[in-house]
Amino acid sequence: MTAEEKIEYVVRLKNLVKNYKIGEGSVPVLKNISINIAMGEFVGIMGASGSGKSTMLNILGLLDVPSSGSFYLDGKEVSGLSDDELAARRNKYIGFIFQNFNLFPHLSVRQNIEAPLIYAGIPRRRRHEISSEMAEKVRLSHRLNHRPNQLSGGECQRVAIARALSNNPSFLLADEPTGNLDEKTGFEIMEIFKILREEKKKTIIMVTHNPNLAKYCDRIIHLKDGEVDYAV
Ligand SMILES: Nc1ncnc2c1ncn2[C@@H]1O[C@H](COP(=O)(O)OP(=O)(O)O)[C@@H](O)[C@H]1O
Ligand SMILES: [Mg+2]
């Protein structure tokens, strides 16, 4: 056995291809991507606009499916699963953070954080404990009864992180999480990621344009026109 085979990869993509159908034709967006990601890694994905970063993150987060190739998540092949099976795995394994936060505007901070727990069938008392704990983790305990429109952008993103963490997923996937924030607030978000990285309990995959934020990552995968250009 080689040294590489001993590493436990929680993500393995092999010859992954994604095409989008446009009218009669089909446009290749991801071309033959093969990458491995180990447990606890903090991986950055960079590349020009349109290079396929979001498409790749959406496939990794089980929000979209590949056209061909293999995707093993935690050792299990996920291509070919039904929508229900994908949704169940998403709830168990994945926390997703978006550039525009995607909070539920009519729900309080606490209710937003608890949303994945309701889907997972966690009883109310336990949900309450978890949302309190997650709010503390992102330093928002004093905002639990606020609604998103009463919060700053940075606070909204911290709620989104607390929500992504609430079901204790193995993966945290973030698509340009600081893209709508000023630089100082962006670094505050990265400090939370840094703490999570040091805990080594989550694999974090983050799309970013910003080389200063990419410095927080263990490794960068560069995409160019749907192919891995180079991986550092
Ligand atoms: N649903 C879709 N249908 C057709 N084309 C799409 C769709 N989503 C993305 N694309 C195209 O795929 C390419 C990669 O998009 P995307 O993954 O969003 O890139 P990035 O996040 O790197 O900017 C772009 O050319 C985009 O126009
Ligand atoms: Mg994108």
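Me: What makes the approach of G50 to ligand 1 a polar contact in this predicted model?
Reply: A backbone N or O atom of G50 lies 2.7 Å from an oxygen atom of ligand 1. A polar contact is a pair of N or O atoms within 3.5 Å. The value of 2.7 Å is within that cut-off, so the pair counts as a polar contact.

Me: How do you know that the side chains of S54 and T55 also make polar contacts with ligand 1?
Reply: For S54, a polar side-chain atom lies 2.9 Å from an oxygen atom of the ligand. For T55, an N or O atom in the side chain is 2.6 Å from an oxygen atom of ligand 1. Both distances are within 3.5 Å, so both pairs count. As for cover, the protein takes up 58% of the 560 Å² of accessible area that ligand 1 has on its own.

Me: Which residues are around ligand 1, and what makes them count as near?
Reply: They are Y20, I22, V29, A48, S49, G50, S51, G52, K53, S54 and T55. A residue counts as near if one of its heavy atoms lies within 4 Å of the ligand. By type, the shell divides into four nonpolar residues, six polar and one charged.

Me: Which elements supply at least two residues of that shell?
Reply: Strand β1 (9-22) and helix α2 (53-60) each do so. Helix α2 gives the most, with three residues.

Me: Why is α2 called largely enclosed?
Reply: Six of the eight residues of α2 are buried, so the helix is largely enclosed by the rest of the structure. The buried residues are K53, T55, M56, L57, I59 and L60. Just after the helix, L62 takes a positive phi of about 60°.

Me: Why is strand β3 called largely enclosed?
Reply: Five of the five residues of β3 (residues 42-46) are buried, so the strand is largely enclosed by the rest of the structure. Both faces are covered: F42, G44 and M46 are buried on one side, and V43 and I45 on the other.

Me: How do you know that β3 pairs with β8 and β9?
Reply: Two strands pair if there are at least two bridges between them. Strands β3 and β8 (residues 203-207) are joined by four bridges in the parallel sense, and four bridges also join β3 to β9 (residues 219-224), again parallel. Each count meets the cut-off, so both are pairs. As examples of partners, V43 is bridged to I205 in β8, and I45 to I221 in β9.

Me: What makes β2 and β5 edge strands?
Reply: An open sheet of four strands has the order β2-β1-β4-β5, with antiparallel pairing. In that sheet β2 (25-38) and β5 (76-77) each pair on one side only, and they are the edge strands.

Me: How do you know that β4 and β5 pair?
Reply: Strand β4 (residues 68-73) and β5 share two bridges in the antiparallel sense. The cut-off is at least two bridges, so this count meets it. Opposite K76 in β5 stands L73.

Me: Why is K18 called buried?
Reply: K18 has a relative accessibility of 7%. Buried means under 20%, so K18 counts as buried. This residue is found in strand β1, and its side chain reaches the backbone oxygen of V65 at 2.7 Å.

Me: Is N15 buried, exposed or partly exposed, and what value decides it?
Reply: N15 has 36% relative accessibility. Partly exposed lies between 20% and 50%, so N15 counts as partly exposed. N15 is found in strand β1, and its phi is near 50°, a positive value in a residue other than glycine.

Me: Why is D74 called partly exposed?
Reply: Its relative accessible area is 31%, which is neither under 20% nor over 50%, so D74 is partly exposed. D74 lies in the loop between β4 and β5. Although not a glycine, D74 has a positive phi of about 55°.

Me: How do you know how many disulfides there are?
Reply: A disulfide is a pair of cysteine sulfur atoms within 2.5 Å. By this rule the count is zero. Two residues can still be placed by their cover: C156 is buried at 7% relative accessible area, and C217 is buried at 12%.

Technical notes:
Residues numbered from 1 in each chain as written. Chains lettered and ligands numbered in written order. Predicted model: local features only at pLDDT ≥ 70, side-chain atom pairs only at ≥ 80, totals over all residues. Heavy atoms only, no water. Buried < 20%, exposed > 50% of the residue type's maximum accessible area, 1.4 Å probe, protein only. Polar contact = N/O pair within 3.5 Å; in protein donor to acceptor, adjacent residues only side chain to side chain. Areas by Shrake-Rupley, 256 points an atom, 1.4 Å probe, with all protein chains shown as cover. Nonpolar A, V, L, I, M, F, W, Y, C, P; charged D, E, K, R; others polar.
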